[in-house]
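Here are some exercises to work through with the model open beside you. Try each task on your own before reading the solution.

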Amino acid sequence: MDRIRISGGRKLNGSIPISGAKNATLPLMIASLLTDQTLVLENVPRLADVALLQRILGNHGVDVMVGGKRAGETQYDGQTLHISAAHIIDTTAPYELVSRMRASFWVIAPLVARTGEARISMPGGCAIGTRPVDLLIMALERLGAEIEIEGGYVIARARNGLRGGKVVFPKVTVGGTHTAVMAASLAKGTSVIENAAREPEIKDVADCLNKMGAKISGAGTSRIVIEGVARLFGARHRVVSDRIEAGTYAMAVAMAGGDVVLENAQPELLKAGLDVLVQAGAEITPTNAGIRVTRNGSGLAPVEVTTAPFPGFPTDLQAQLMALMTRARGTSRITETIFENRFMHVQELARLGARIQLEGETATIEGVERLKGAPVMATDLRASVSLVIAALAAEGETMVNRVYHLDRGFERLEDKLSACGAAIERING
Ligand code: EPZ
């Protein structure tokens, strides 16, 4: 298994190209099942999750053609996928595949909307929380699907097609909102989603669906209205930039010190994260290219943060912020409200000398003068990158094990950081 070795203490200077968003790419690829024509997605990141989803879609009969390199493109430009679900030959998503990536459960929406049936394995457990799918099922029932749960599979049927309805989410759910929007796009009549997720990735998927002929309004707000259409068509869509990747590198620069431009990063998608970085003592400057992050000389100030759905502070940046606060001058508090078990990085950060107390949903971080390199273990995608951030400022060498977690969501991480001066390398096998 690959590992990553980091020698800490180097500042970061230069520029980092931000890739297309993983959490927009996955639902966009799934949306291709809604049409028999070709959906072309540009700026698609080269990630393990994207490759796995290609396999999962292939299992339903979907062809995915990867566009070749074009003149002037660099290794940091995203790939272009030509996705064609002309014929759906299988409406079952097996446990072996779904259990490896939870978001693949979302195929249930376009499959039942387009073919009238879907048999999808329940995703099973996850490192960061129980993560049930009851609200996704509730949404499909509100749109007229008959649901049966049997042998670990959710069977959804709508023999006469789905019909418009009202979906009120008792709590904000990104997956639930994607599921409801996709299903309602082909339902007969009008649907209304209340208390919808407002994440930028929801808006990006809705923009793409509207290019495919859907009639969606209000995406990005908590009330979305969808007028169902009989058929959707092919389109070309550029994936929005990855605000979580951008936020992660911004935290890395604040941790190591330096001056870096995050190219293609969109500050408006990351406001809550950037505001916290300014509180902590980093300088944030929007530029034509993206976002410039600087921290030189000044120490890090402690912060108090509670994670929340967009536009609040994203849970997907919680671990990275905790790593940063291990070196703040004083006591920070971070409260995690989205996932009940998203503190797996705490014990690993403690191995580097961090002082963190956990009480229920809140972590109290006592800033320390120095961290010291050590072997650490990645446990999930965002926890693993928090260890990389801590290692950038730790004295000596850190070895991060199980980096396959990182490859799920960060494209060319060690290349991007070493191009800015970090002493980081991957050790294969
Ligand atoms: C999406 O997961 C993201 N994944 C997650 O990113 C992200 O952390 C999360 O949204 C919150 O922003 C993708 O986009 C692929 P939710 P999702 O439904 O849709 C509960 C990463 O690191 N819930 O918004 O699964 C749930 O347990 C990943 O890139 C129910 O109770 O998250 C959680 O407590 C990790 N019943 C809360 O709602 C349901 O049916 C929010 O989950 C659905 C969710």
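**Exercise 1. Find which residues make polar contacts with oxygen atoms of the ligand, starting from Ile 338.**

Step 1. Begin at the backbone: an N or O atom of Ile 338 sits 2.6 Å from a ligand oxygen. A polar contact here is a pair of N or O atoms within 3.5 Å; within protein, one must be able to donate a hydrogen and the other to accept it, and residues adjacent in sequence count only if both atoms are side-chain atoms.

Step 2. Turn to the side chains. Arg 382 places a polar side-chain atom 2.7 Å from an oxygen atom of the ligand, and for Arg 342 the distance from a side-chain N or O atom to a ligand oxygen is 3.3 Å.

Step 3. Check the cover: on its own the ligand has 830 Å² of accessible area, and the protein covers 88% of that (Shrake-Rupley method, 1.4 Å probe; for residues, only the protein chains shown count as cover).

A note on the basis: this is a predicted model, in which local features need pLDDT of at least 70 and side-chain atom pairs count only at pLDDT 80 or more, while totals for chains, interfaces and linings use all residues. Residues are numbered from 1 along each chain as its sequence is written, and side-chain values use heavy atoms, with hydrogens and water left out.

**Exercise 2. Describe the shell around the ligand by element and by class.**

Step 1. List the elements that give two or more residues: helices H1 (22-31), H5 (134-142), H6 (174-185) and H12 (381-393). Helices (H or I, at least four residues) and strands (E, at least two) are DSSP runs, numbered from the N terminus.

Step 2. Pick out the largest share: H5 supplies three residues.

Step 3. Sort by class: the shell has 12 nonpolar, four polar and seven charged residues. Ala, Val, Leu, Ile, Met, Phe, Trp, Tyr, Cys and Pro count as nonpolar, Asp, Glu, Lys and Arg as charged, and the others, Gly among them, as polar.

**Exercise 3. Decide whether H1 and Lys 416 are buried or exposed.**

Step 1. Set the scale: buried means under 20% relative accessible area, exposed over 50%, partly exposed in between (1.4 Å probe, protein chains only).

Step 2. Take H1: nine of its 10 residues are buried, so the helix is largely enclosed by the rest of the structure. Lys 22 and Pro 27 are among them.

Step 3. Move to Lys 416, in helix H14 (residues 413-418). Lys 416 has a relative accessible area of 2%, so it counts as buried.

Step 4. See what surrounds it: beyond neighbours within four places in sequence, the contacts (heavy atoms within 4.5 Å) of Lys 416 include Glu 245, Tyr 249 and Glu 411.

**Exercise 4. Locate the backbone features at Pro 311, Arg 131 and Asn 264.**

Step 1. Phe 310 and Pro 311 are joined by a cis peptide bond, with omega about 10 degrees. Pro 311 belongs to the loop between strand E18 (304-306) and helix H10 (318-325).

Step 2. Arg 131, though not a glycine, has a positive phi of about 50 degrees. Its loop runs between strand E7 (117-121) and H5, and at 29% relative accessibility Arg 131 is partly exposed.

Step 3. Asn 264 also has a positive phi, near 70 degrees. Asn 264 is in the loop between strand E15 (258-263) and helix H9 (271-280), and is partly exposed at 41%.
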